[in-house]
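Reader: I'm in my first year and still learning to read protein structures. Could you take a close look at one part for me, the aromatic side chains and what surrounds them, and explain it step by step?

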Amino acid sequence: MSAQHCLWRDTLVIDVVEPDEPPMEGLLAHVEGKASGSLGYVVSDHSALTGHAYRVTVEGEDHATKTLRVEDVTLGTTLYSGLPVPDRWAHDMPDIDGWRIRLGTAIDSIGYNAQGERVLGFEGRAVGTFSEPARAWMNFYNGYLLSGEDFLGSAIKMYDLVPVRLVFDRSNGQKGLAWLRGTSPNYAYQGYFDIPLRAYDISDPGQPRQLMVGFVEQLGSGADDNTWMPTYRPGDREYLLIFNDDYSETPAEKFKEPIMQIAEELDGLYGIWPLLHDTNPLFEDGDTFTIEPRIPISNRDVYITPPDILMDVHAAPVRPDAVTLHAPYPNPARERSVVTFDTRAAGPVSLTVHDMLGRRVATLVDRHLDAGTHRTNFDITRLRSGTYRLLLVSSAQRHTRTLTVLR
C-alpha cells in the first residue's frame with residue numbers, strides 16, 4: 001500500500017494506520033436491541049468498497065422467520081429487504097458493495113418454533129460464572145441453568161432476559177418466596193423467609209436493581225427448613241427462582257399461590273436446581289455467581305458498519321472544502337454512535353461531548369489531524385439518558401451537533 005493510502009481506526013481518539021492489507025472480516029456494531037453477540041461481515045471485493053455507512057435492521061416476528069433490511073445510510077437508500085438471517089458461512093448472502101453479512105457471534109432464533117413455543121437448545125441456555133472459578137461450590141442438576149421459561153414457566157421470553165448477579169452473604173441476605181413440593185396442593189406457597197443471598201439485575205452495572213427471588217423445597221427431604229441452601233442429594237430439590245420484579249420486603253399477592261399454577265403468568269428470569277460440589281468448600285460471604293443470557297437476534301436489533309471497515313482504501317484522500325461536523329448516527333442511540341467530521345487543513349482538532357449544563361463528559365479527539373474526513377465510534381454506554389452536545393473545534397471554527405442517548 002502506498003503512503004497516501006490510509007485506513008482510519010479509532011477508540012476514543014482517532015489513529016491512522018497503514019496495514020499491509022485491509023481487514024477481511026469482523027463484526028458489525030450492535031446499536032439497538034439486546035441480542036447476544038453481533039452479526040459479522042466479510043469483505044468479498046476490495047475494489048468495490050465505497051466507504052459508505054450501512055445499517056442492517058432485523059425485521060419480522062421474534063419467533064417466526066426473520067429477515068434483514070440493508071440500507072446505505074450515506075445515500076439514504078434501501079439496498080436489500082427480505083434477506084434471510086445468514087448461516088456462519090454466509091451461504092446465499094448477496095454481495096453488498098464489496099462485502100457480505102455473516103452470522104458472526106450472534107445466535108439465531110433457535111429457541112422458538114414457528115408457533116412461538118420454546119424449543120430448548122444448548123445455544124439458548126444462559127452462561128454462569130463464579131467469582132472464584134477454582135472453588136465453584138455448587139453444580140447444577142443435569143445442567144439446569146435455564147431461563148424461567150424453560151424451568152417452571154414464565155411470561156418472559158428469552159428476548160427480554162437480563163444479566164443477573166447473585167451475591168452470597170449469610171448475614172446480609174434478602175428474603176425469598178418459598179414453595180413446598182409434595183404438599184396438597186403441590187408446590188404450595190409457604191411464606192417469605194430470610195435467605196443467604198441477594199439478586200441483582202446488572203444491565204446497568206452502575207445502578208444494579210435488586211430482584212425478587214423464590215425457592216422450592218421437597219417435603220420430607222430433611223432440608224425443608226424454609227431457607228434456601230443447596231444440598232448433596234438431588235431429591236432435596238432446593239430450586240432457586242429469579243424474577244424480574246423489584247425486590248420488596250413485602251411480597252405481592254400474585255406470588256402466594258402454588259407456583260406450578262401461576263408460573264406462566266409470572267416474570268421469571270431464571271431457574272436453577274443447584275447441588276453442593278462434592279469437594280469444594282461452601283461459599284464465602286461476598287462470593288458471586290453471574291448469569292449471562294444467550295439472546296437470539298430479533299426484530300429489536302439493529303447493526304451498523306463500524307467506522308474502521310468497508311473504507312475504499314484504494315482511493316486517494318479527499319480534501320474537504322470546509323470544516324464540517326456531520327450529524328451523529330444513529331441518533332437517538334443506545335450503545336454507540338458514529339461521529340463523522342471534515343477538516344479542511346491540517347492542524348489541531350478537538351471533538352468533545354458536553355451535557356446540557358455545559359459540563360464536558362467525554363473527549364473523543366484532541367490531537368493534530370491532516371485534512372480529510374474522519375470518523376470516531378463513540379461508546380455511549382456510560383452516559384445517562386438525555387441530550388448531549390458535540391463540539392468540534394478546528395481551524396479556529398466551532399461546530400456543534402446534538403446527540404440523544406436512550407436507555
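Author: Buried residues make up 49% of the 407 residues in this protein chain, and please keep in mind that the model is a predicted one. The chain's secondary structure amounts to 1 helix and 27 strands. Among the contacts with a separation of 6 or more, 68% are between residues 24 or more positions apart. The accessible surface comes to about 18,700 Å², and carbon and sulfur atoms account for 49% of that.

Now for the aromatic rings you asked about. Searching the whole structure turns up 14 aromatic pairs. One of them is formed by tyrosine 54 and tryptophan 99, in an edge-to-face arrangement with 5.3 Å centre to centre and 65° between the planes. Because tyrosine 54 belongs to strand β6 and tryptophan 99 to strand β9 (residues 99-102), this pair ties together parts that are 45 residues apart in sequence. Both tyrosine 54 and tryptophan 99 are buried.

Another pair is made by tyrosine 239 and tryptophan 273: it is edge-to-face, with 5.1 Å centre to centre and 75° between the planes. Here, too, distant parts of the chain are linked, since tyrosine 239 sits in strand β17 (residues 239-246) and tryptophan 273 in strand β18 (residues 268-276), 34 residues apart. Tyrosine 239 has a relative accessible area of 6% and counts as buried. Tryptophan 273 is buried as well, at 7%.

Stay with those two residues for a moment, as they lead us to phenylalanine 151. Leaving aside residues up to four places away in sequence, phenylalanine 151 touches Tyr239 and Trp273, along with Tyr144, Leu146, Leu241, Gly271 and Ile272. You will find phenylalanine 151 in the loop between β11 (138-147) and β12 (164-168). Is this loop residue buried or exposed? Its relative accessible area is 16%, and the cut-off for buried is under 20%, so phenylalanine 151 is buried. Look also at glycine 271: 120 residues along the chain separate it from phenylalanine 151, yet their C-alpha atoms are 5.6 Å apart.

Rings can also gather in a group. Trp137, Phe168, Trp228 and Phe283 are linked by ring pairs into a cluster. Phenylalanine 283 has a further partner, as arginine 170 lies over the face of its ring, 4.4 Å from the ring centre. A similar kind of arrangement involves arginine 118, whose charged end sits over the ring of tyrosine 112 at 5.7 Å from the centre.

Let's finish with histidine 52, which is in the loop between β5 (40-43) and β6 (54-59); tyrosine 54, which we met earlier, lies in strand β6. Histidine 52 is buried, with a relative accessible area of 19%. Its side chain and that of aspartate 72 are joined by a polar contact of 2.7 Å.

Methods: Residues are numbered from 1 along each chain as its sequence is written. This is a predicted model: local features need pLDDT of at least 70, side-chain atom pairs count only at pLDDT 80 or more; totals for chains, interfaces and linings use all residues. Side-chain values use heavy atoms; hydrogens and water are left out. Helices (H or I, at least four residues) and strands (E, at least two) are DSSP runs, numbered from the N terminus. Buried means under 20% relative accessible area, exposed over 50%, partly exposed in between (1.4 Å probe, protein chains only). Contact means heavy atoms within 4.5 Å. A polar contact is a pair of N or O atoms within 3.5 Å; within protein, one must be able to donate a hydrogen and the other to accept it, and residues adjacent in sequence count only if both atoms are side-chain atoms. Rings of Phe, Tyr and Trp (its six-membered ring) pair if their centres lie within 6.5 Å; planes under 30 degrees apart count as stacked, over 60 as edge-to-face and the rest as tilted. A charge sits over a ring if NZ of Lys or CZ of Arg is within 6 Å of the ring centre and within 35 degrees of the ring normal. Accessible areas come from the Shrake-Rupley method with a 1.4 Å probe; for residues, only the protein chains shown count as cover.
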